[in-house]
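This report looks at charged pairs and at empty space in one protein model. Please keep the sequence and the structure in view while reading.

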Amino acid sequence: MLAPNGLFYPIVGLASLVAFIYLSLFDFRVSFSKEPNLSFVERNGTQFMLDGRPFYINGWNSYWLMDHAVEDHSRPRVRAMLQAGSKLGLTVCRTWAFNDGGSYHALQISPGQFDEQVFKALDHVIAEARRSGIRLILSLVNNLQAYGGKTQYVKWAWQEGIGISSSNDSFFFDPSIRAYFKDYVQAVLTRKNTITGIDYKDDPAIFAWELINEPHCISDPSGDTLQGWVKEMSAFVKSVDEKHLITVGLEGFYGPKSPKSNMNPSGWESALGTDFIRDSQLPTIDFASVHIYPDHWLTTDEVEAKLEFVRKWMLTHIEDGDTQLKKPVMFTEYGLSNQNKGFDLSHRDKLIKTVNDVIYKSARRGRSGAGSLIWQFMVGGMEEYNDDFGLVPWERPSTLRLITKQSCRLALIHDGQSQLTENMKELCTRRH
């Protein structure tokens, strides 16, 4: 709803209202009456391209958007988050386009059977993103059990008596399960949005498809099994949708035969059945994805040691993008847990600044470091949905400044001062 002075106040409870009052201190005005004219993001070598110019991304994760779009009482949070992201100069949001099995708000109830109410919720998320000028990375399945994941697909095959193994990794090699997943992908990509009337495969509000969140295939540490799955599924997506970019969803770990396996945080990651270079080199993969969780991966409690690892982790993957992959590299998740010993919110700010500075330097030099997405943003009143990484970005002024600074300097690289949108001109002027 709009207050008399034109400020946007989402109806998501008192906590969110208070949070957005903070936004009003920056006079973030909303002008969404006219839907932005979106173009498809493309790739030219190591760079994303938008309207003929290099496009570098400052964005975020809100995995929960579809889930919260199902019910009337929580649906306004979707618009609140996407419009707030837009007013902060953010351009891409990564979110789940899956919820498999008998769980609450499941999209795919059983193989090829969908809950239309939940599909309409995904329609709503995409329509709101389009309305806000935000592009979405939609992830198609989870390696983890949350929201069903590959475990649910294996259960379905086992329950129907056609599964060849009860191992979760059979998701990658069982022909019946691969067929299940292809049917799911086909249904999602060819879905006609009930709000916009646009097929998902034809909608530029979708930035890219992510095949799977954080794939592991521990039963085959050589990486051959996962490599075969990525090759088959990425080719299938391309056969249905030629317009959108595709990424795997990797964390960035190097395989056991990689000369860079020593760059992994420790020894165990090379046995997960993935290989950053090998899996990202496929011609049907348009850009590489990397995650950054120094507190989960490292044993040290020293903040500066973690930040030094982050710099090296990012730079070695950007080097891969420049010299081997010849593709953009996006850091699609990064975060710092509030459960760390001695955690302070300033530590999270230091991580954000470290990541932002590496991306900005890469962008200025025209290198492959194409952007980053923090894990994760919420609006107020969502405490029960928070993990130990979540934050409401406008609640801490120092964090807000870091986010808007990055949005402004990346926008200046893409647009130049004279081509900035009115929103970005106002945002970047009021920063100073």
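## Salt bridges

Asp123 and Arg191 form a salt bridge in which the closest N and O atoms are 2.7 Å apart. Because Asp123 lies in helix α4 (residues 116-132) and Arg191 in the loop between α7 (175-189) and β9 (206-210), the pair ties together parts that are 68 residues apart in sequence. A salt bridge here is a side-chain nitrogen of Lys or Arg within 4 Å of a carboxyl oxygen of Asp or Glu. Helices (H or I, at least four residues) and strands (E, at least two) are DSSP runs, numbered from the N terminus.

The model is predicted: local features need pLDDT of at least 70, side-chain atom pairs count only at pLDDT 80 or more, and totals for chains, interfaces and linings use all residues. Residues are numbered from 1 along each chain as its sequence is written, and side-chain values use heavy atoms, with hydrogens and water left out.

The whole structure has 25 salt bridges, among them these pairs:

| Acid | Base | Closest N and O atoms |
|---|---|---|
| Asp123 | Arg191 | 2.7 Å |
| Glu333 | Arg94 | 2.7 Å |
| Glu232 | Arg178 | 2.2 Å |

Glu232 in helix α8 (residues 224-240) and Arg178 in helix α7 tie together parts that are 54 residues apart in sequence. Glu232 is partly exposed, with a relative accessible area of 26%, whereas Arg178 counts as buried at 15%. Buried means under 20% relative accessible area, exposed over 50%, and partly exposed in between (1.4 Å probe, protein chains only). Asp123 is buried at 0%, and Arg191 is buried at 11%. Both Glu333 and Arg94 are buried. A separate network of salt bridges links Arg79, Glu128 and Arg131.

## Empty space

The second largest pocket has a volume of about 400 Å³. It is lined by 21 residues, of which Leu144, Glu214, Tyr293, Glu333 and Trp375 are the closest to its centre. A pocket is an open set of points on a 1 Å grid over the protein atoms alone, with protein on both sides within 12 Å along at least five of seven lines; a cavity is a set where a 1.4 Å probe fits but cannot get out, and lining residues have an atom within 4 Å of a point. Grid points are joined across faces, edges and corners, and a volume is the space filled by probe spheres set on the points.

There are 3 cavities of 30 Å³ or more. The second largest cavity holds about 50 Å³, and its lining includes Asn58, Leu90 and Tyr334.
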